[in-house]
Amino acid sequence: MRLSPENFYIQHGRDSTAGPSCSLLEEAFRRYYEYIFGVYTRPKGPSRFQGGAELQQLLVTIVLDSECDAFPNVSSDESYTLVVKEPVALLKANRVWGALRGLETFSQLIYQDSYGTFTINESNIIDSPRFPHRGILIDTSRHYLPLKTILKTLDAMAFNKFNVLHWHIVDDESFPYQSITFPELSNKGSYTPSHVYTSNDVHMVIEYARLRGIRVLPEFDTPGHTQSWGKGRKNLLTPCYNGQTQLDSFGPINPILNTTYSFLTTFFGEISKVFPDQFIHLGGDEVDFNCWESNPKIQNFMKDKGFGSDFRKLESFYIQKLLDIIATIKKGSIVWQEVFDDKVKLQPGTIVEVWKNNRYFDEISKITASGFPVIISAPWYLDLISYGQDWEKYYEVEPLNFAGSQEQKQLVLGGEACLWGEYVDSTNLTPRLWPRASAIGERLWSPQNVRDTGNAYRRLTMHRCRMLRRGIAAQPLFTGYCNEDDNM
Amino acid sequence: MAGSRLWFRCCWRQRWEPTTTLWPWPQYIQTSDRRYVLYPNNFQFQYHASSARSRLYPVFAGKRHTLEKNILVVSVVKSGCNQFPALESVENYTLTINDDECLLLSETIWGALRGLETFSQLVWKSAEGTFFINKTEIEDFPRFPHRGLLLDTSRHYLPLSTILDTLDVMAFNKLNVFHWHLVDDSSFPYESFTFPELTRKGSYNPVTHIYTAQDVKEVIEYARLRGIRVLAEFDTPGHTLSWGPGIPGLLTPCYSGSQPSGTFGPVNPSLNNTYEFMSTFFLEVSSVFPDFYLHLGGDEVDFTCWKSNPDIQKFMKKKGFGEDFKQLESYYIQTLLNIVSSYGKGYVVWQEVFDNKVKVQPDTIIQVWREEVPVSYTKELELITESGFRALLSAPWYLNRISYGPDWKEFYLVEPLDFEGTPQQKTLVIGGEACMWGEYVDGTNLVPRLWPRGGAIAERLWSNKLVVDLKFAHKRLSRFRCELLRRGVQAQPLNVGYCEQEFEQN
């Protein structure tokens, strides 16, 4: 049946628990109308009836308490059903999150026939994600990403049903996060005063994401990857030594000072208020022990604590205290796999992110066997570009292909496509992310048996053209073209 | 309040070294700390076509303030603004900026263009916002006369604006040949006026995905204004699937046993019609593209289809070629080359034409693209130049072959003349081309994939052989990249870091 831009509209179902006061849905209705029809101005007056089957409305009904003004979390219900039948299509979801997913699907069902008429086929869809954590990691430390780029990425994520923006916001190279309690961190640590994210910027990202059902998971990676923190905070990082001589260089955060932990308490107190998500990513990867080892005070501390020369114990000491801080402020923690590998005592419920590509299935087995939930990134490092169609190998990953019980398999929450920023900034981020990440999006949403790459190729090329139409500069999969005039 | 403490912290900026933004590095440059102010509201270019430098001194009688420069005098010996650049064009220039002069002197207008670009790279802005240029003496000329970039508009259509923008950035990099691989198997976007069906049936979309005659004219003129030659390639006999729908009978029907299989192969070399078509088609191409050279392709001819076709088998027998399809390929190419020659054009061909021993005219240019087969590209250069032909190097410069990390360094360190040969032979290597094949590239990702990586090749082809220090290059190229951003070019980063002005779309 056809749809007429003049006639068709999306609105709340009569029994919906959400109504016009739900701005999340109101915004979504407007957005999706535009995605479907382009920016179309309604002519005044009644329209001419042209005959033939016409779909006049999409009614969106939220069944349970809508959660319209809430933030999404890892247990949010994203399920929905969509029945497309003349004259009214029905989208039903338990919560607004499902409605958002359903609106996206609905918009993908519509196509233009050879006369340009907007057309949709009768359909019956029951849908829900296979994995609840489907993320994209962006790195705003190696290269600053302007706000617009981040917002565009959130748009594209919604088109692909991604629901977590893992914001690796600071690292060695720069500290763009403007802290309210410690403004010197970005004053001294950002690339320049304009390469910062103000509170306003951060709020905008969080709300823009929320309206798309996307969680913002901030990562403040410590104790390694913290060179930029030292610029704005004296005595935070470990001074390195050569024998008895103190050098000009610094290493990871100094784990033996009380000031370190009072700083972290205050700092993460702020973070927990600024970022509403239940979880904070604490990093914990790639801690280089050399500087700690060289520092005489740390050597003494190691002796006092009976750690011997096992610096993993010092690392554990630090991370456990940090995890306790986070637990006290009632947030959940996510850490990189080294934290688990180095035998830090983790609280149950701490999520471990697996990123090392070497036999990562063994790692997942181990972690889930110990009862911890897992997020998988290892096979999905999108910054590792190569010539040709690499989307296929991302698509073919089967997250549950590891040795383990049913219970273990249920601990895999999902995964993340990571776009580290060493060679990426706003000039090349979008084509590098899309449509390659889309392959991962399907792997994390769709059922396990949806794996035919031939079929995926056909749909993904069309999806890519659709993203172009919607202003996302997704690069081509292969030779060919898109029908409508794309953005480029 | 956090805001008040975010005041601009930097006052003691590292002393600016303006020459470090030069890309590519000039042949000879001397610079000093002494600097002159430029005021945007009070600066102009003054063009003189003259043959004697001495006549220019009276011009400077005006401004006595030696610390300000308000004119760049552009003096060109051989005037003549309406020509097209050619392989033989002289691109030399000198730039003299001192207390007495602010002068750009060149043989030809092409050198003036190169000098203007360099001049623009010498101007820098202080932290306070004042424009300066330092006392500088530059004598510059390109190491190689053919410094090209290949774009493929068949695998993916590239909008006209994308092509024009690319020409702009080529000029920033002093690249001077736009090798336009217009058509191929995938699509035929070139609007032919003698054979409109080629475009109508062969393009992805005959309304939106074509280059009209007007578009082509625009590209040629836009390029000319930047001293860039347009080298058009119409690749045959392979890579021609898109030609088939518009010219029935042009391509070889493949056979499966005794029946046609329904698929097609390279151009059919056994039919007179083929050569009649080529004659007419290349007459059009010769008249549309003003450059002396046309690129005729000749690469990757797959013999299986020819082999399967009974008419071709008969033709082979008639000609006494036996089973050697290379001879059939030669036969086609020789005939084509003669046709094109008769239109007063020279030609460039891919290396297979040379490898398969096709008889070509001595002034043919051979383009080396294969890295290892049949021999290493350095060996190939040796063989080609040994036989007296001129060569173009592309093999190590395939920009479409992306990989993780700073691959610009590999492109930069290629030494084109690093092969066994006499000095005489080495002069036959006239330059090279960076190639951006289009299988995975279109308007969405072309620019970041092209720049600044393409710049590494641009410098290798322009600058002195001894300019190979990677640290020095990295410093300049990363600054040049920021300058590209400032000029609105979506050039991707070389490494971690930042530019004052980051790229924001729209």
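## Contacts along the chains

In chain B, take the contacts between residues at least 6 apart in sequence: 74% of them join residues at least 24 apart. Keep in mind that this is a predicted model. For chain A, the figure on that same kind of count is 73%.

## Chain B overall

Chain B is built from 15 helices and 17 strands. Its radius of gyration is 25 Å, and a compact globule of 506 residues would come out near 23 Å, so the two agree. Lay the C-alpha atoms along the principal axes and they fill a box of roughly 85 × 65 × 45 Å.

As for what's inside and what's outside, 58% of the 506 residues count as buried. The accessible surface of chain B is about 21200 Å², with 54% of that belonging to carbon and sulfur atoms. On the charge side, there are 51 positive and 58 negative charges, and their mean positions sit 5 Å apart.

## A look at B:V429

B:V429 sits in strand 17 of chain B, which covers residues 429-436. With a relative accessible area of 3%, B:V429 is buried, since the cut-off for that is under 20%.

What does B:V429 touch, leaving aside neighbours within four places in sequence? Its contacts are B:F144, B:L381, B:T385, B:A391, B:L417 and B:F419. As for B:V467, 38 residues from B:V429 along the chain, the two C-alpha atoms are separated by 19 Å.

## Chain A overall

Chain A has 17 helices and 18 strands. For its 488 residues, a compact globule would have a radius of gyration near 23 Å, and the 24 Å of chain A agrees with that. The C-alpha trace spans about 90 × 50 × 45 Å along its principal axes.

Buried residues account for 61% of chain A. The chain's accessible surface is about 19500 Å², and carbon and sulfur atoms supply 50% of it. Chain A carries 50 positive and 57 negative side chains, with the centres of the two sets 2 Å apart.

## The annotated spot, A:E286

An unreviewed UniProt entry puts its "active site" annotation on A:E286. Where does A:E286 sit in chain A? It's in the loop between strand 14 (279-283) and helix 8 (290-294).

Is A:E286 buried or exposed? Somewhere in the middle: A:E286 has a relative accessible area of 45% and is partly exposed, because that class runs between the 20% and 50% cut-offs. Not counting residues up to four places away in sequence, A:E286 touches A:H225, A:E338 and A:W355.

How values were computed:
Residues are numbered from 1 along each chain as its sequence is written. Chains are lettered from A and ligands numbered from 1 in the order in which they are written. This is a predicted model: local features need pLDDT of at least 70, side-chain atom pairs count only at pLDDT 80 or more; totals for chains, interfaces and linings use all residues. Side-chain values use heavy atoms; hydrogens and water are left out. Helices (H or I, at least four residues) and strands (E, at least two) are DSSP runs, numbered from the N terminus. The radius of gyration is taken over C-alpha atoms; the globule rule is 2.2 Å times the number of residues to the power 0.38. Buried means under 20% relative accessible area, exposed over 50%, partly exposed in between (1.4 Å probe, protein chains only). Contact means heavy atoms within 4.5 Å. Accessible areas come from the Shrake-Rupley method with a 1.4 Å probe; for residues, only the protein chains shown count as cover. Lys and Arg count as positive and Asp and Glu as negative; His and the chain ends are not counted. The place of a charge is taken as NZ of Lys, CZ of Arg, CG of Asp or CD of Glu. UniProt positions are given in the numbering used here, feature names are shortened, and annotations may be inferred rather than shown by experiment.
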